[in-house]
Amino acid sequence: MSTMRTNDEWKAILSPEQFRVLRQRGTEAPGTGKYIHTKDAGTYNCAACDAPLYVSATKFDSGCGWPAFFDAIPGAIVRIEDTSCRMTRTEIVCGSCQSHLGHVFQGEGFPTLTDERHCVNSISLNFQPDNKADDPTV
């Protein structure tokens, strides 16, 4: 499902820093994001539209200064060639609202199933913890 809004509508629902990163393709400073060291089980959703993007089982410590994942929920992200900064990278955006998440890098040799590192701005995410403790069947 696509979530399209005007810039004025996004500015009304996002903080100025969220707008800068999510809608203007900015980057938060390395080491400053609230989800870098999160290890709890759950789902990481888009901070703009709440679409599920990543599950915690795909998160790993890459040491890059941003949350890193080796794979997304199928169909949750879109990859776009990014030639800014005088290099070619792969930008990743939310498949639902096209908000900027970060970049994906391949072939870095991390011991993951995909040999990919999805380097995602914490401010682009909202973490939804699993509630197994609240489930009486567990």
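## Reading strands, cysteines and a loop

Q: In the hairpin of β5 and β6, which residue takes a positive phi, and how many residues lie between the strands?

A: Cys85 has a positive phi near 60° in this hairpin, where six residues stand between the two strands. Please keep in mind while reading that the model is predicted. The hairpin belongs to a pair of antiparallel strands, β5 and β6, held in register by six bridges, and within that register Val78 faces Val93 of β6.

Q: Which residue takes a positive phi in the hairpin of β6 and β7?

A: Gln98 takes the positive phi, again near 60°, in a hairpin with five residues between β6 and β7. The strands themselves, β6 at residues 89-94 and β7 at residues 100-106, run antiparallel and are joined by four bridges. To follow the register across this pair, one can start at Val93, whose bridge partner in β7 is His100, and then go to Glu91, whose partner in β7 is His103.

Q: How many residues of β6 are buried?

A: A residue is called buried when its relative accessible area is under 20%, and in β6 five of the six residues meet that description, so that the strand is mostly covered.

Q: What order do the strands take in the open sheet?

A: Reading across the sheet rather than along the chain, one finds six strands in the order β3-β4-β8-β7-β6-β5, with antiparallel pairing. The edges are formed by β3, at residues 59-60, and β5, at residues 77-82, each of which pairs on one side only.

Q: Which strands does β1 pair with?

A: Strand β1 is joined to β9, at residues 125-129, by five bridges in the antiparallel sense, and to β2, at residues 52-55, by three bridges, likewise antiparallel. Two bridge partners fix the picture: Gly42 is matched with Pro129 in β9, while Asn45 is matched with Pro52 in β2. The hairpin of β1 and β2 has five residues between its strands, and Asp50 there takes a positive phi near 70°. As for cover, β1 spans residues 42-46, and five of its five residues are buried.

Q: How many disulfides are there?

A: The test is a distance between two cysteine sulfur atoms, which must lie within 2.5 Å, and by this rule the count is zero. For Cys46 the closest cysteine sulfur is that of Cys97, and because the separation is 3.7 Å, it is too far for a bond. Cys49 is in no disulfide either, with the nearest cysteine sulfur, in Cys94, 3.7 Å away.

Q: Is Cys46 buried or exposed, and why?

A: Cys46 counts as buried because its relative accessible area is 0%.

Q: Where is Thr32 found, and why does it count as exposed?

A: Thr32 is found in the loop between α2, at residues 16-23, and β1. The cut-off for an exposed residue is over 50% relative accessible area, and Thr32 counts as exposed because its relative accessibility is 52%. A polar atom of the Thr32 side chain lies 2.6 Å from the backbone oxygen of Ala29. Taking a wider view, Thr32 and Ala12 are separated by 20 residues in sequence and by 24 Å in space, C-alpha to C-alpha.

Q: What pattern does the protein follow along the sequence?

A: The protein has two helices and nine strands, and read along the sequence the elements follow the pattern α-α-β-β-β-β-β-β-β-β-β.

Q: What radius of gyration does the protein have, and what would a compact globule have?

A: A compact globule with 138 residues would have a radius of gyration near 14 Å, and the 15 Å found for this protein therefore agrees with that expectation. The C-alpha trace spans about 50 × 40 × 30 Å along its principal axes.

Q: What share of the residues is buried, and what share of the contacts joins residues 24 or more positions apart?

A: Of the 138 residues, 46% are buried. Among contacts with a separation of 6 or more, 53% are between residues 24 or more positions apart. The accessible surface comes to about 7800 Å², and carbon and sulfur atoms account for 51% of it.

Definitions and conventions:
Residues are numbered from 1 along each chain as its sequence is written. This is a predicted model: local features need pLDDT of at least 70, side-chain atom pairs count only at pLDDT 80 or more; totals for chains, interfaces and linings use all residues. Side-chain values use heavy atoms; hydrogens and water are left out. Two strands pair if DSSP finds at least two bridges between them. Buried means under 20% relative accessible area, exposed over 50%, partly exposed in between (1.4 Å probe, protein chains only). The radius of gyration is taken over C-alpha atoms; the globule rule is 2.2 Å times the number of residues to the power 0.38. Contact means heavy atoms within 4.5 Å. Accessible areas come from the Shrake-Rupley method with a 1.4 Å probe; for residues, only the protein chains shown count as cover. A polar contact is a pair of N or O atoms within 3.5 Å; within protein, one must be able to donate a hydrogen and the other to accept it, and residues adjacent in sequence count only if both atoms are side-chain atoms.
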